[in-house]
Amino acid sequence: MNTTNLNELHGLLAIIQSIDVGVVVLDRDYSVEVWNTFMENRSGLLPSQVRKRSFFELFPEVDEDWFRRKVESVTTLGTPSFTIWEQRPYLLRFKNYQPITGLEDFMYQNTTLLPLKGIDGRIDQVCLIIYDVTDVAINRRQLQAANAELQRLSSTDRLTGLYNRGHWEEMLRLDYARHRRYDSQAALVMFDIDHFKAINDNYGHQAGDAVIQQVAGLIRENLRDSDVAGRYGGEEFVVLLPDTDKEGALMFAERLRYVVEACEVRHEQHRIRFTISLGVADLSVPSNGHAQLIEWADSALYASKSAGRNRVTLHRL
């Protein structure tokens with residue numbers, strides 16, 4: 001090798017050692033041949049400690065079968081292969097030492113596998129390049145979490161944590177469309193807290209809010225995963241029960257009426273007991289749209305209140 005080639009090789013090695021990415025060269029037996037400063041600093045292992053040692057022995061956390069398939073693809077096709085942190089957060093479990101992004105204890109990584117051809121044109125080695133993308137990953141995750149929280153806030157009622165009217169009415173519209181297409185069953189339960197104005201007048205609005213929150217909690221305790229509960233406004237609530245016939249809806253409504261009647265809200269020195277009145281609309285009855293179901297449930301609720309409150313009424317045509 002002439003002086004020019006030696007200088008080029010020396011310069012190339014200097015670059016490999018100084019760049020802020022991990023560089024590992026493996027032979028076809030997955031033994032380490034090149035180990036740059038990035039790898040030394042992150043692993044705590046010197047090049048002399050890793051040279052000719054098995055990559056899988058050094059990093060037992062690596063999925064060996066998966067990594068071998070990736071390398072075999074690179075050597076067979078002669079083309080690079082890539083992984084990104086969204087698919088696989090890391091290849092090698094390096095600790096995250098960045099103070100700003102110290103929310104995670106490991107380094108997120110993108111990786112590249114490159115085929116390395118020898119003088120004879122054969123691929124006898126692969127180069128693994130590891131990129132530290134922790135900042136990008138954590139920023140993305142924080143943004144996703146923030147967007148999810150904004151979505152949650154836009155669809156839920158702040159006092160109760162139940163869905164707000166806009167969201168549950170859209171869910172009702174979608175379920176109504178599903179019912180029309182597949183002839184599925186569903187029911188809508190609407191109810192409000194009896195004599196709620198008297199609660200506010202006698203105990204104050206904070207007590208009224210406590211009562212509303214207690215009711216919301218009881219609703220959640222009695223829901224299935226598929227049910228949709230929301231606050232209609234004020235002291236009025238709705239529950240959409242997909243795949244439920246009128247008998248099932250009446251059983252749900254009666255159970256909810258009972259648990260509310262049995263509960264007690266303690267506010268300051270007061271013990272507040274209260275009841276609810278409920279109306280049920282059956283989706284299997286022919287209707288003009290989801291808005292008519294709301295009208296029917298509301299009409300059944302009004303009938304419960306007119307009949308003395310603390311009861312369940314099924315809307316009938």
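## A guided tour of the cores, a helix and some rings

Start by selecting C127: at 8% relative accessibility it counts as buried, because buried here means under 20%. The model you are looking at is predicted. Now select C263, which also counts as buried, at 9% relative accessibility. If you go looking for disulfides, the count comes to zero.

**Stop 1: the largest nonpolar core**

Select V189, F191, I193, I219 and F274. These are the residues with the most contacts inside the largest nonpolar core, which has 31 residues. Next, colour the elements that give two or more residues to this core: β6 (186-193), α8 (196-203), α9 (205-221), β8 (236-242), α10 (246-262) and β11 (276-282). Which of them gives the most? It is α9, with seven residues.

Zoom in on F274. Beyond its neighbours within four places in sequence, F274 is in contact with I193, I199, V211, Q214, V215, V260, E261, C263 and V265. You will spot C263 from the start of the tour in that list. Then move to another core, which lies apart from the largest one and has 25 residues, including W35, M39, F55 and I130. In soluble globular proteins, nonpolar side chains tend to be buried together.

**Stop 2: helix α7**

Select residues 165-182. This is helix α7, with 18 residues, and from its first C-alpha to its last it reaches 25 Å, close to the expected 26 Å. Show the side chains of W168, L172, D175, Y176 and H179, which are buried. They lie on the same side of α7, because they cover an arc of only 105° around the axis. An α-helix has 3.6 residues a turn, so residues three or four places apart point the same way. Turn to the other side of α7 and you will find G166, R180 and R181 exposed. The cover over the buried residues includes β6, β7 (228-233), β8 and α11 (290-306). Just after the helix, select D183, whose phi is positive, near 55°.

**Stop 3: the aromatic rings**

The structure holds 14 aromatic pairs. Select W35 and F59, a stacked pair with 6.0 Å centre to centre and 20° between the planes. W35 is in strand β2 (residues 32-35) and F59 in the loop between α4 (55-58) and α5 (64-77), so this pair ties together parts 24 residues apart in sequence.

Keep F59 and add F94: their planes are at 70°, so this pair is edge-to-face. Are these two buried or exposed? Both F59 and F94 are buried. To finish, select Y30, W35, F55, F56, F59, W66, F67 and F94, which form one aromatic cluster.

Notes:
Residues numbered from 1 in each chain as written. Predicted model: local features only at pLDDT ≥ 70, side-chain atom pairs only at ≥ 80, totals over all residues. Heavy atoms only, no water. Core = buried A, V, L, I, M, F, W, Y, C linked by side-chain atoms within 4.5 Å. Buried < 20%, exposed > 50% of the residue type's maximum accessible area, 1.4 Å probe, protein only. Helix = DSSP H or I, 4+ residues; strand = E, 2+ residues; numbered from the N terminus. Contact = heavy atoms within 4.5 Å. Disulfide = S-S within 2.5 Å. Expected span 1.5 Å × (residues − 1). Arc of directions from axis to C-beta. Phe/Tyr/Trp six-rings, centres within 6.5 Å; stacked < 30°, edge-to-face > 60°.
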